[in-house]
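Visitor: I'm new to this one, and I'd like a close look at a single part. Could you walk me through how the helices pack and what goes on where the chains meet?

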Number of protein chains: 2
Amino acid sequence: MDEFGIIATYFAPLAGDGAFGLKDDAALLPARPGQDLVITTDTITEGVDFFAFDPSADIARKALRVNLSDLAAKGAAPAHYLLNLSLPHTITPDWLAGFAAGLAQDQQEFGISLLGGDTGATDGPLTIAVTAFGFVPQGKMVRRNGARIGDAVYVTGTIGDSGGGLAIFKREKHTLNDADRNALIARYRVPQPPVGFAEGLRAIAHASVDVSDGLIADLGHVASASGVRLVVEGERVPLSQPLRTLWGDHALSRAVAAGDDYQIAFTAPPGLEGPFTQIGRVEAGEGVGLIVDGKAVNVARPGYRHF
Amino acid sequence: MDEFGIIATYFAPLAGDGAFGLKDDAALLPARPGQDLVITTDTITEGVDFFAFDPSADIARKALRVNLSDLAAKGAAPAHYLLNLSLPHTITPDWLAGFAAGLAQDQQEFGISLLGGDTGATDGPLTIAVTAFGFVPQGKMVRRNGARIGDAVYVTGTIGDSGGGLAIFKREKHTLNDADRNALIARYRVPQPPVGFAEGLRAIAHASVDVSDGLIADLGHVASASGVRLVVEGERVPLSQPLRTLWGDHALSRAVAAGDDYQIAFTAPPGLEGPFTQIGRVEAGEGVGLIVDGKAVNVARPGYRHF
């Protein structure tokens with residue numbers, strides 16, 4: 001099947017408003033008065049962000065969700081996405097059907113539709129670039145640069161689970177029970193970005209970032225953009241029971257550097273309650289500090305780098 | 001240098017309005033009242049769309065221009081772009097500096113700015129996905145589906161030159177003089193989409209497509225979307241002198257199937273004059289016909305396919 005056949009068979013059924021059934025040169029996004037468009041793009045690559053043996057539906061959902069996480073962290077409601085696929089020649093119709101089913105499932109879950117994209121063949125690894133579009137009320141996008149001294153630092157969900165799942169695939173540990181093992185692998189394969197929290201975030205957050213490079217590294221982006229210091233109290237960082245079982249005493253130090261979490265870290269006035277955990281505070285200064293048992297802990301080269 | 005260093009050194013200087021210096025999770029595009037946003041995306045891959053030995057500035061400009069061509073064909077004025085780069089580990093600072101210089105040159109030429117993107121490493125070929133954003137007055141995007149019986153078919157520029165350049169790289173012919181050889185190679189490396197014609201196109205065109213898969217194949221998309229037949233009179237198809245020299249008697253049949261032209265083919269009332277050539281007519285029926293010396297000619301499997 002050539003790319004026209006692939007598009008017509010698997011992707012045209014996913015096309016929404018403005019996509020013209022994927023049968024034109026471009027897509028159309030009419031202006032929404034009073035709304036700003038928020039745009040983000042992230043590429044996932046076989047062997048780096050997923051494995052060839054992962055279910056193709058999960059790969060599709062990961063490709064979408066690593067982008068939906070960025071929109072959520074900016075307070076934006078997702079609306080559309082573009083898909084750039086570089087497919088190895090070994091891809092089968094079965095794989096494509098699963099991939100399209102994964103997209104369809106998440107389109108329904110998050111209320112989004114396919115706007116366009118392109119499909120080509122590659123001699124290299126399978127590569128999937130998604131560009132996601134969301135809307136916020138005009139001027140209300142939550143930036144990285146608004147953290148204020150006296151703010152608390154919060155994070156949604158639990159941290160490090162995806163890194164734990166990856167560690168299992170890398171054969172680091174074989175002693176977990178099936179339930180714990182599967183829970184961590186599931187988080188690696190299908191991130192759980194708090195998309196529904198975007199509106200709540202907009203109402204309270206002064207600064208926000210999606211946790212993708214690693215908690216400490218991403219908080220570092222907020223500290224740098226805002227010109228402040230963020231201090232994380234290690235005991236407060238939410239860690240799941242499977243992750244504690246996997247990594248024991250090293251769970252915290254591994255988790256805060258692991259990355260691939262696709263949760264939201266943000267600063268807001270202290271003492272707030274909601275679907276998040278207060279983990280620290282904003283001070284004068286620069287960089288990010290991690291305090292454990294009252295002592296500063298070094299996190300060496302935190303966060304994932306591609307090179 | 002890791003990806004943060006690459007972004008800060010080479011790409012942050014190219015960032016424009018709404019990109020936040022490439023230092024946030026997402027970009028922001030405020031609504032423009034009375035304007036629709038037109039979005040297109042195309043990936044170019046080493047070994048398919050360009051060669052590893054091509055100058056990196058030319059590769060950058062090709063990555064942009066294959067997208068600007070789609071915007072122009074829709075009557076849209078380009079404004080911004082996203083860049084997804086998958087870089088082999090062998091990429092050097094020198095290569096990146098040339099690549100960024102090529103982007104900067106075309107940003108200035110076309111009045112566009114970098115909105116965001118991502119940069120990762122790959123074990124496969126160099127892959128560059130660009131997503132381009134342009135604006136049209138509300139409801140004025142030129143679709144593929146508006147061709148009317150009685151329209152003439154027009155095309156901008158000359159057809160087949162890029163295919164000629166590729167044929168030279170594939171060692172098909174060695175007899176051209178340097179000027180002809182360089183002219184065709186230049187068209188392969190740096191497409192010349194008629195970006196400035198977008199507004200003029202909007203004023204006259206009923207249907208329009210960018211010529212990327214091959215003239216006959218792309219006219220086929222218009223015929224199919226519009227429910228009509230397009231007939232091309234071969235003698236009228238504009239071919240450059242270097243291409244006629246390269247391919248002789250086969251110039252027309254090769255040119256109309258070659259692809260990679262990044263010109264605009266459109267239908268409009270007959271007899272119009274402008275920066276384009278009338279090459280045929282729209283009739284009742286389906287598909288595309290090519291007439292040479294009054295006889296119908298078959299074009300076998302026209303156009304480029306990735307698989």
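Guide: Here is a walk through helix 3 of chain B and its neighbours, followed by the chain interface and a helix pair in the other chain.

Keep in mind as we go that this is a predicted model.

Let's start with helix 2 of chain B, residues 56-73, and helix 3 of chain B, residues 93-110. Their axes come within 6 Å and cross at roughly 40 degrees. That makes helix 2 of chain B oblique to helix 3 of chain B, and the crossing is right-handed. Who touches whom? On the helix 2 side of chain B you'll find Ser56(B), Ala57(B), Ile59(B), Ala60(B), Arg61(B), Leu64(B), Arg65(B) and Leu68(B). They meet Trp95(B), Gly98(B), Phe99(B), Gly102(B), Leu103(B), Gln105(B), Asp106(B), Glu109(B) and Phe110(B) of helix 3 of chain B. Sorted by class, this contact of helix 2 with helix 3 of chain B has nine nonpolar, four polar and four charged residues.

Helix 3 of chain B also packs with helix 1 of chain B, residues 3-11. Here the angle is about 45 degrees and the axes are 10 Å apart, so helix 1 and helix 3 of chain B are oblique to each other. Once again we have a right-handed crossing, with helix 1 of chain B passing helix 3 of chain B. From helix 1 of chain B come Ile6(B), Tyr10(B) and Phe11(B), and they meet Pro93(B), Leu96(B), Ala97(B), Phe99(B), Ala100(B) and Leu103(B) in helix 3 of chain B. This contact of helix 1 with helix 3 of chain B divides into nine nonpolar residues, no polar ones and no charged ones.

Now for the place where the chains meet. In chain B, 58 residues are in contact with 57 residues of chain A. Together the two chains bury about 4700 Å², with 55% of that on carbon and sulfur atoms. The interface of chain B and chain A has 10 salt bridges, while the structure holds 30 over all chains. Asp24(B), for instance, forms a salt bridge with Arg143(A), with the closest N and O atoms 2.8 Å apart. Asp24(B) sits in the loop between helix 1 and strand 1 of chain B, and Arg143(A) in the loop between strand 5 and strand 6 of chain A, so this pair joins two chains. Asp25(A) and Lys74(B) also have side chains that meet in a salt bridge, at 3.0 Å from N to O.

One last stop, over in chain A: helix 4 (residues 161-169) and helix 5 (residues 178-189) pack at an angle of about 110 degrees, with axes 7 Å apart. Helix 4 and helix 5 of chain A are therefore roughly perpendicular to each other. Helix 4 of chain A contributes residues including Leu166(A), Ile168(A) and Phe169(A), and helix 5 of chain A contributes Leu184(A), Ile185(A) and Tyr188(A), among others. By class, this contact of helix 4 with helix 5 of chain A has six nonpolar, three polar and four charged residues.

Definitions and conventions:
Residues numbered from 1 in each chain as written. Chains lettered and ligands numbered in written order. Predicted model: local features only at pLDDT ≥ 70, side-chain atom pairs only at ≥ 80, totals over all residues. Heavy atoms only, no water. Axes fitted to C-alpha atoms, helices over the stretch in contact; angles between N-to-C directions. Helix = DSSP H or I, 4+ residues; strand = E, 2+ residues; numbered from the N terminus. Parallel < 35°, antiparallel > 145°, perpendicular 65-115°, else oblique. Left-handed = near helix turned anticlockwise from the far one by under 90°. Contact = heavy atoms within 4.5 Å. Nonpolar A, V, L, I, M, F, W, Y, C, P; charged D, E, K, R; others polar. Buried area = accessible area lost by both parts, 1.4 Å probe. Salt bridge = Lys/Arg side-chain N within 4 Å of Asp/Glu carboxyl O.
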